[in-house]
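Biologist: Please take a close look at a single part of this structure, the strand pairings and the turns that go with them, and then follow the side chains outward from there. I would like one connected account rather than a list.

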Amino acid sequence: MLRTVEELHDYTIGAVDGVIGHVKDLFLDDKAWVVRYLVVDTGGWLFGKKVLISPMAIGKPDWAGRTLPVSITQEQVKNSPDVDTDKPVTRQHELEFSGYYGYPYYWGGGGYWGGGMYPGMMLAGYGGFGSPQAIREESLNAQARAEQAHAHDDPHLRSCKEITGYHIHASDGDIGHVCGMLIDDETWAVRYLIVDTSNWWVGHQMLVAPQWIEGVRWAEGTVSVRLTRQAVKDAPVFEPTGTLTREDEARLHEHYGRSGYWAAEAKPVTGATSV
C-alpha cells in the first residue's frame, strides 16, 4: 500500500522492550529513490537524541495504532553510533551503523535492497540469522569486500523534509512544487512525488514518478521531469483524501505512455542524475 510521508511522521517506533521514540523524518537514496532510514526522536528517555532506524529492523506494522515495531532493544539504540541527523550521512556512518547492528549493506545488487526488493529479505540467510556455516562465512566475506570497495562512496542520502518545497520544471515551464511523497510500505520505495500546482493550476495536486525525472539540482532545489505542461494538465488529478488504487496508477501510467513499476519489480528503480 502507498502511504504519504506526512502520514508516517510521528509514528511510534516500538522496540522489543519499550518505545524508542517517534518518526520525525525519512532519509531516501536519491539514486534508487528508496527510503534507507527513519529519523527517530527518542524524546525524554534519551534526552531528545535523534537516531537512525533501518527498515530492515521493522516488523509487521500496526497501521491502525500508528506503530512500527522493530527487532532491536532500547539498550541497543542507547549505545548505537552517534549520527548528526541534521548533517549528511556519510558512507562511513553507514558502515559503522550496519556493523553495529549486524546488518548487510543495502548497496549493490539488482534490487531495491541488495539483490532483493524488500528490506527484510536481506536478513534471511545472512550472517548470524540462521544460515548454514558456509553461506554465513561467504556472506561475511562478501560484506568485508563490499566495505573495502565502497568505504568512500557518496551514499546520496536526502531528507524528505529537504525535498519538500522543491520546484518541478516540465520540459516547457514550471508546474509547481513538491508537497509530499507516496511511499510503498513494503519495499519503502518512493513511488511518486506529490506536486502542488497551485501557482500554475489552482486547486490541483498531480503525481510524478521518480522514473520520469530527468535531473535534480540539489543546490537550487529544482526537479526536471520529461513531461510537458499540457500532459501534466491532462493527467488524472491526485485526490489526497482518497485511496490511490492500482487502477488509478494504471490510468496515470497509461496517460503518460509509461510502464508501471509493478510490471518490472525485479528491476531497480532508475532515478535522476544529480547536479
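**Strand β3 and its surroundings**

Modeller: Strand β3 is joined by three bridges to strand β7 (residues 157–159), and these two strands run antiparallel. Within that pairing, Asp29 of β3 has Leu157 of β7 opposite to it. Everything said here concerns a predicted model, in which the protein has seven helices and 14 strands.

Two further pairings involve β3. Strand β2, covering residues 12–15, pairs with β3, residues 18–29, in the antiparallel sense over four bridges; two residues lie between these strands, and the arrangement is a hairpin. Ala15 is found opposite Gly18 of β3. On the other side of the sequence, β3 pairs with β4, again in the antiparallel sense, over seven bridges. Asp29 takes part here as well, with Val34 of β4 as its bridge partner, in addition to standing opposite Leu157 in β7.

The turn between β3 and β4 deserves separate attention. These strands form a hairpin with four residues between them, and Trp33, in the turn, has a positive phi of about 55 degrees. Most residues other than glycine have a negative phi. With a relative accessible area of 1%, Trp33 falls under the 20% limit and therefore counts as buried. From the loop between β3 and β4, the side chain of Trp33 reaches back to the backbone oxygen of Asp30, at 3.4 Å. Trp33 can also be related to the β7 region: its C-alpha atom is separated by 9.6 Å from that of Arg158, although their positions lie 125 residues apart along the chain.

Arg158 leads on to a charge–ring arrangement, with its charged end over the ring of Trp218, 4.1 Å from the ring centre. A second arrangement of this kind involves Arg36, which lies over the face of Trp113 at 4.7 Å from the centre of the ring.

From the strands one can turn to the interior. The largest nonpolar core comprises 80 residues, and the residues with the most contacts inside it are Ile13, Ile20, Leu38, Met181 and Trp188. Strand β4, residues 34–41, supplies the largest share of this core, namely six residues. Ile13 shows how the contacts spread: leaving aside residues up to four places away in sequence, Ile13 touches Gly18, Val19, Ile20, Gly21 and Val23, and also Leu38, Val40, Ile53, Leu68 and Val70. Over the protein as a whole, 47% of the 275 residues count as buried. Among contacts with a separation of 6 or more, 56% are between residues 24 or more positions apart.

Trp188, one of the residues with the most contacts inside the core, also has a positive phi, near 65 degrees, without being a glycine. Trp188 is placed in the loop between β9 (173–184) and β10 (190–196), and its relative accessible area of 3% is why it counts as buried. Asp10 offers a further positive phi in a residue that is not a glycine, with a value of about 75 degrees. Asp10 belongs to the loop between α1 (5–8) and β2, and because its relative accessibility is 41%, Asp10 counts as partly exposed.

The aromatic residues complete the view. Across the whole structure there are 13 aromatic pairs. In one of them, Tyr101 and Tyr103 have ring centres 5.4 Å apart and planes at 15 degrees, which is under the 30 degrees required, so the pair is stacked. Both partners are buried, Tyr101 because its relative accessibility is 10% and Tyr103 because its value is 5%. Ring pairs also place Tyr101 and Tyr103 in a cluster with Tyr37, Phe97 and Tyr100.

Helix α3, residues 91–101, includes Arg91. Arg91 has a relative accessibility of 6% and so counts as buried, and its side chain is joined to that of Glu94 by a polar contact of 2.5 Å.

Terms used: Residues numbered from 1 in each chain as written. Predicted model: local features only at pLDDT ≥ 70, side-chain atom pairs only at ≥ 80, totals over all residues. Heavy atoms only, no water. Core = buried A, V, L, I, M, F, W, Y, C linked by side-chain atoms within 4.5 Å. Buried < 20%, exposed > 50% of the residue type's maximum accessible area, 1.4 Å probe, protein only. Contact = heavy atoms within 4.5 Å. Polar contact = N/O pair within 3.5 Å; in protein donor to acceptor, adjacent residues only side chain to side chain. Pairing = 2+ DSSP bridges. Phe/Tyr/Trp six-rings, centres within 6.5 Å; stacked < 30°, edge-to-face > 60°. Lys NZ or Arg CZ within 6 Å of the ring centre and 35° of its normal.
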